[in-house]
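This report walks through one protein chain, beginning with a detail of its strand pairing and then turning to the wider fold and to a helix contact. Please keep the sequence and the structure in view while reading.

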Amino acid sequence: MPHPLEPTITPPTSPTAADVMIPPDLQVSDHTSIDRALDVLRGSHTQYVLIRDDTGRCAGIVTRDQLTAHGAKPWYAENTRVRDIAHDHSPFARPGMPASEAAAAMRERSLTVLPVVDEDGFAVGILTTERLQTLLGTASPDTQEQP
């Protein structure tokens, strides 16, 4: 029996999506054209951008690789909206979701980035496989970004 003054050891809690996510700083409207979204990404030196709908809720995410693949044809890039090529529309992660579950969902869906949304659907963060692997100490060679 432990001595009453000895500290009790509590098991560590599992990290959640909120513990791993980064701020959703870069967002564009779902009406934004592919070429404009590419300009935004080039200017910000990032690899992805969140898409928000007319109400400000998260509508998906697109990567630089996706935009570049579609931006090769100028007439197409000028007339196509990011909402039409987003590879991830939902379901998104929730802040309280265990990080291990989010990592498994991303592997299953072959995603490298995943939005984290609140109960109302507004983006509160972004999960990346790199941050999840660092936190969870796992490697996932089968996770690849979709073109």
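## A bridge in the sheet

In strand 2, the residue that serves as bridge partner of Ser29 is Arg52, and in that strand Gln27 is likewise matched, with Leu50 as its bridge partner. It should be kept in mind throughout that the model is predicted.

These pairs belong to the contact between strand 1 and strand 2 (residues 48-52), which run in the parallel sense and are joined over 3 bridges. As a general matter, the strands of a sheet pair through backbone hydrogen bonds, and the pairing may be either parallel or antiparallel.

## The sheet as a whole

The open sheet contains 3 strands, arranged in the order 1-2-3, and its pairing is mixed. Strand 1 (27-29) and strand 3 (58-63) each have a single partner strand and stand at the edges, so one side of each is left without a neighbour in the sheet. Direction ignored, neighbouring strands of this sheet are turned against each other by 35 degrees on average.

How is strand 2 placed with respect to the rest of the structure? Of its 5 residues, 4 are buried, which means that strand 2 is largely enclosed by the rest of the structure.

## The chain in outline

The protein chain has 6 helices and 5 strands, and, read from the N terminus on, these elements follow one another as α-β-α-β-β-α-α-α-β-β-α. The chain comprises 147 residues, of which 39% count as buried. Among the contacts in the chain with a separation of 6 or more, 59% are accounted for by residues 24 or more positions apart.

## Helix 5 against helix 6

Helix 5 (residues 99-108) packs with helix 6 (residues 129-136) at an angle of about 135 degrees, and the axes of the two helices are 10 Å apart. Because angles over 145 degrees would count as roughly antiparallel and those from 65 to 115 as roughly perpendicular, this angle makes helix 5 oblique to helix 6. The crossing in which helix 5 passes helix 6 is left-handed.

Which residues make the contact between these helices? On helix 5 they are Ala99, Ser100, Ala103 and Met106, while helix 6 contributes Thr129, Leu132, Leu135 and Leu136. Sorted by character, the residues of this contact of helix 5 with helix 6 comprise 6 nonpolar and 2 polar ones, with no charged residue present.

Technical notes:
Residues are numbered from 1 along each chain as its sequence is written. This is a predicted model: local features need pLDDT of at least 70, side-chain atom pairs count only at pLDDT 80 or more; totals for chains, interfaces and linings use all residues. Side-chain values use heavy atoms; hydrogens and water are left out. Axes are lines fitted to C-alpha atoms, for helices over the stretch in contact, and angles run from 0 to 180 degrees between N-to-C directions. Angles under 35 degrees count as roughly parallel, over 145 as roughly antiparallel, 65 to 115 as roughly perpendicular and the rest as oblique. A crossing is left-handed if the near helix is turned anticlockwise from the far one by less than a right angle, and right-handed if clockwise. Contact means heavy atoms within 4.5 Å. Ala, Val, Leu, Ile, Met, Phe, Trp, Tyr, Cys and Pro count as nonpolar, Asp, Glu, Lys and Arg as charged, and the others, Gly among them, as polar. Two strands pair if DSSP finds at least two bridges between them. Buried means under 20% relative accessible area, exposed over 50%, partly exposed in between (1.4 Å probe, protein chains only).
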